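Student: Please pick a single pocket and look at it closely. I want its lining, and then how the helices that supply it pack.

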Amino acid sequence: MSTATAARPKSPGTPVKKRKLTVPVVLLLIAGALLLFSAVGAATGNHGLTSSGQVTAALGASVPIAMAGLGGLWAERAGVVNIGLEGMMVAGTFCGAWAGYLVNPWVGLLAGMAGGALGGLLHALITVTFGVDHIVSGVGINLLIPGICAYVNRIYYRDYVAFGAGANQSPPADPLPYITVPGLSDWLRSIEVHHWFLVSDVAGILGGMVSNLSVVVVIAAAFVVGSYFVLWRTVFGLRLRSCGENPTAAESLGVNVYKYKYLAVISSGAFAGLAGAYLSLVAAHFYKDGMTQGRGFIGLAAMIFGNWMPGGLAMGAGLFGFTDSLQLRDADSVHVLLLTISLAMALLALWKLYRRQYRGAAISLVVAAGLAIWYATTDTVPRPLIVATPYVITLVVLALASQRLRMPKADGQIYRRGQGK
């Protein structure tokens with residue numbers, strides 16, 4: 001009798017384990033994207049998509065989205081859904097501009113974070129202590145805080161018309177410093193202008209990361225990296241994440257669930273406040289009603305795209321920031337982007353054919369053909385479509401990434417003290 005055992009066939013109801021994006025796969029995808037951008041730039045003569053100016057603008061545009069998304073990540077890892085990030089961002093814009101004008105922009109950054117943290121404290125009080133539905137609380141905050149800021153703005157800054165402010169705009173604050181790495185920036189720029197295949201594109205991307213960067217961009221990057229180490233490499237982070245996975249089990253092991261939820265949601269508001277302060281101190285230097293323009297919700301989309309992980313969140317924020325910054329650049333670059341996406345969709349169709357996913361391959365091929373025809377039959381992209389690009393990308397990315405999502409198990413659930421005893 002043979003001792004070998006036959007492998008048990010999987011039952012039809014057994015879910016198929018999906019592959020994760022490992023570091024080598026991510027690096028391979030980045031290398032492929034660089035080759036694609038270089039090929040399109042060489043074919044069209046337009047290298048604007050990988051220019052240092054475009055990269056710098058994209059990094060700046062991704063900061064408020066990344067910080068709002070990081071705020072959502074902290075809250076939801078502790079089990080609290082925070083769709084009130086938009087309102088907390090508005091609090092950050094108002095408090096940041098106010099303190100930046102009265103004192104200095106550094107104090108404005110801290111005041112913006114404090115204003116957002118107060119919004120987070122209110123959200124934590126309503127959801128954690130009183131057990132109100134998280135969505136209802138978030139919607140209420142998104143209505144309450146912008147209304148208060150708009151009302152105070154029209155009263156407080158009424159006498160500052162002489163400084164260029166109006167009934168809905170604060171006086172300008174002093175600018176924050178910008179960072180440029182001397183020597184390295186000029187050397188990369190000298191390589192970029194030659195437009196060598198792939199080499200100049202890499203130089204342009206690296207040059208955009210070391211030239212004319214706001215100091216807040218560096219601070220935001222440090223917060224993203226630091227959040228990974230705090231949440232995944234410390235005991236504090238383990239306890240906080242346990243509150244979002246199984247708060248009953250966490251409390252039974254002695255974890256103060258309420259305390260960690262409060263800390264997470266207050267930190268969430270502080271990050272959203274920093275996102276708002278960036279808009280009023282770096283992007284515009286003043287507060288104006290409606291300047292967040294839905295970036296809090298796009299930050300949530302970036303967090304979902306990143307599967308509630310800091311690294312994926314940074315990639316999502318970079319993607320949305322790149323598309324958002326396109327409206328600040330020349331329209332020709334946007335037109336070239338149509339060809340780039342068309343080629344990318346064609347490659348995706350080939351990959352799906354190789355995987356025998358014929359339906360997905362057909363859809364990708366149709367999209368690729370449609371974009372190619374659009375590019376060949378037009379010279380420019382209409383301005384309204386350029387402005388709407390970040391929001392369209394948000395919907396498309398969420399639709400494509402929805403199959404790989406794994407949210408915290410207790411995210412959004414109402415928890416009452418004592419359930420674990």
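Tutor: Start with the main contributor. Helix α2 gives the largest share of the lining of the second largest pocket, six residues. Elements are DSSP runs numbered from the N terminus (helices H or I, at least four residues; strands E, at least two). The model is predicted: local features need pLDDT of at least 70 and side-chain atom pairs 80 or more, while totals for chains, interfaces and linings use all residues. Residues count from 1 along each chain as its sequence is written, and side-chain values use heavy atoms, without hydrogens or water.

The volume of this pocket is about 750 Å³. A pocket is an open set of points on a 1 Å grid where a 1.4 Å probe fits, with protein on both sides within 12 Å along at least five of seven lines; lining residues have an atom within 4 Å of a point. Thirty such residues, in figures 30, line this one, and L279, A283, R295, D324 and L328 are the closest to its centre. At least two lining residues each come from α2 (52–77), β2 (213–214), α11 (257–283), α12 (295–305), α13 (310–325) and α16 (383–401). By class, 19 are nonpolar, eight polar and three charged. Gly counts as polar here, and only Asp, Glu, Lys and Arg as charged.

Now the packing. α2 meets α13 at about 135°, with axes 7 Å apart. The pair is therefore oblique, meaning outside under 35, over 145 and 65 to 115 degrees. From α2, the contact (heavy atoms within 4.5 Å) uses Q54, A57, A58, A61, S62, I65, A66, G69, L70 and L73. From α13 come P310, L313, A317, G318, F320, G321, F322, D324 and S325. That contact has twelve nonpolar residues, six polar and one charged. D324 thus appears twice: in this contact and among the residues closest to the pocket centre.

α11 has a partner too. Its axis and that of α3 (residues 85–102) come within 6 Å and cross at roughly 55°. These helices are also oblique to each other. α3 brings L85, M88, M89, G92, T93, G96, A97 and G100. α11 answers with S268, G269, A272, G273, A275, G276, A277, L279, S280 and L281. The split is nine nonpolar, nine polar and no charged. L279 plays both parts: it touches α3 in this contact, and it is listed with the residues closest to the pocket centre.

Conventions
Grid points are joined across faces, edges and corners, and a volume is the space filled by probe spheres set on the points. Axes are lines fitted to C-alpha atoms, for helices over the stretch in contact, and angles run from 0 to 180 degrees between N-to-C directions.
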